[in-house]
Amino acid sequence: MAQEQAKINHLAALNDLSCNEDYLSINYGEPPQASISPPNLPQFLVELMDDKQCGLQILLSKEKETHTKLSACFLKADMSLIASARKEAIQWILAVNSYHDFSALTAVLSVNYLDRFLLSLLSRRDMPMKPWMVQLTAVACLSLAAKVEETYVPLLIDLQVEKSKYVFRPKSIQEMELLVLSLLDWKMNPVTPLSFLSYIIKKVPLADHKHMEFSALFEHLLLSVVSDFRLVHYLPSVIAASVTLHVVKHMDFGDENVDFCKNELCAFLQLNKEKLEACYQLIRTSLSNGGHIAINHN
């Protein structure tokens, strides 16, 4: 009898701890307003549309919180100390990412980890970074990103392909992985420009058979400019929108459609037009200084 009563007490405690999902909203704690379903739409489609809109709002909220912290670190840091080593490390990341046929997201995550780690250290001023440390961090960041995103991850010694000034022991890389994880508070799924691709592609006026081409160009162009540290100034949604405009121009949509896309992107991503234009021009400059978007369409 006593055991039965204890079980009831435990269940009651679990009920107190459980989340009432019916009252969760983007405002966290504020009950959602009653919504009126559009006529002739099945209820499951209405709920799916609401979920997608909610997901976008969560991304926008999360990126602003993360970017505020990143910007604060950036203001304290002197990137000139490691700018050359960082660029070289990212070029290595992209080469190895291609060699192992990793996804574009793996490369983007690697660069995100690298920048957050470097900015955290540089802002402290008590841990001077040397070129070999930047390269070791790059190896660790690529390894971590591959573990997050890929189904197959090569051995650490096999990960160090392509030309590099340094080759590190697996134990050194593992120790650096732990340091990166610790300094990033184990937050390994940040918002990136690729987080918005699925939302953007539904807003771009193109035929269904062009979606794959658009996605490939988007990823390729993003990887072409990811080594430009000036992009750290901009939110991932702003970068995603700027890349989209370049892809749209490359696919020769016409000026009217480019203007339409710009207005649509500013509206549903809640962007400032001046910042979007500044980021767009920065990417344009970066591409002219070495980036390219030539791609095989076969």
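How many disulfides does the count come to in this structure? The model is a predicted one, and the count comes to zero disulfides. A disulfide is a covalent bond between the sulfur atoms of two cysteines. The criterion applied here is a pair of cysteine sulfur atoms within 2.5 Å. Two cysteines can nevertheless be described by their surroundings. Cys266 has a relative accessible area of 9% and is therefore buried, the limit for that class being under 20%. Cys279 is likewise assigned to the buried class, because its relative accessible area is 0%.

The interior may be considered next. The largest nonpolar core has 44 residues, and those touching the most other members are Phe196, Ile200, Phe214, Phe218 and Leu269. Several helices give two or more residues to this core: H2 (43-76), H4 (104-124), H8 (197-200), H9 (211-225), H10 (236-250), H11 (255-268) and H12 (273-288). Of these elements, H10 gives the most, with eight residues. Apart from this core lies another, of 39 residues, which includes Phe117, Val134, Val139 and Val161.

Phe214 offers a detailed view of the larger assembly. With neighbours up to four places away in sequence set aside, Phe214 is in contact with Leu197, Ile200, Ile201, Val204 and Leu206, and also with Thr244, Val247, Val248 and Met251. One of these partners, Ile200, is itself among the core members that touch the most others.

Two buried polar residues can be examined in the same manner. Thr192 is found in the loop between helix H7 (170-183) and H8. Its relative accessibility is 3%, so Thr192 counts as buried. Beyond the residues up to four places away in sequence, Thr192 touches Leu105, Val108, Leu109 and Pro236. Thr192 can also be placed relative to a residue much earlier in the numbering: Leu59 is 133 residues apart from Thr192 along the chain, and their C-alpha atoms are separated by 9.3 Å.

Asn97, for its part, is in helix H3 (residues 83-99). Asn97 counts as buried because its relative accessibility is 4%. Its contacts, leaving aside neighbours within four places in sequence, are Phe102, Ser103, Thr106, Ala107 and Leu142.

Another asparagine has a different classification: Asn257 lies in helix H11, and its relative accessible area of 29% is why Asn257 is described as partly exposed. The C-alpha atoms of Asn257 and Pro205 are 7.6 Å apart in space, while the two residues are 52 residues apart in sequence.

Charged side chains provide a further set of links. The structure holds five salt bridges. One of them joins Lys147 and Glu177, whose closest N and O atoms are 3.0 Å apart. This pair links distant parts of the chain, with Lys147 in helix H5 (residues 131-149) and Glu177 in helix H7, 30 residues apart. How is each partner classified, buried or partly exposed? Lys147 has 48% relative accessibility and so counts as partly exposed, whereas Glu177 is buried because its relative accessible area is 7%.

A second salt bridge, between Lys262 and Glu277, has its closest N and O atoms 3.5 Å apart. Here too distant parts of the chain are linked: Lys262 is in helix H11 and Glu277 is in helix H12, 15 residues apart. Lys262 is partly exposed because its relative accessible area is 25%, and Glu277, at 32%, is therefore also partly exposed.

The side chains of Arg230 and Asp228 meet in a further salt bridge, at 2.7 Å from N to O. Arg230 has a relative accessible area of 40% and is therefore partly exposed. Asp228 is buried because its relative accessible area is 13%.

The surface also carries a nonpolar feature. Leu155, Ile157 and Val167 form a nonpolar patch there, with about 310 Å² of accessible area together. Val167 lies in the loop between helix H6 (156-159) and H7. With a relative accessibility of 62%, Val167 counts as exposed, because that class begins over 50%.

Conventions
Residues are numbered from 1 along each chain as its sequence is written. This is a predicted model: local features need pLDDT of at least 70, side-chain atom pairs count only at pLDDT 80 or more; totals for chains, interfaces and linings use all residues. Side-chain values use heavy atoms; hydrogens and water are left out. Helices (H or I, at least four residues) and strands (E, at least two) are DSSP runs, numbered from the N terminus. Buried means under 20% relative accessible area, exposed over 50%, partly exposed in between (1.4 Å probe, protein chains only). Contact means heavy atoms within 4.5 Å. A nonpolar core is a set of buried Ala, Val, Leu, Ile, Met, Phe, Trp, Tyr and Cys residues joined through side-chain atoms within 4.5 Å. A salt bridge is a side-chain nitrogen of Lys or Arg within 4 Å of a carboxyl oxygen of Asp or Glu. Patches are made of residues with over 30% relative accessible area and no salt bridge: like charges are joined within 9 Å, nonpolar side chains (Val, Leu, Ile, Met, Phe, Trp, Tyr) within 5 Å. Accessible areas come from the Shrake-Rupley method with a 1.4 Å probe; for residues, only the protein chains shown count as cover.
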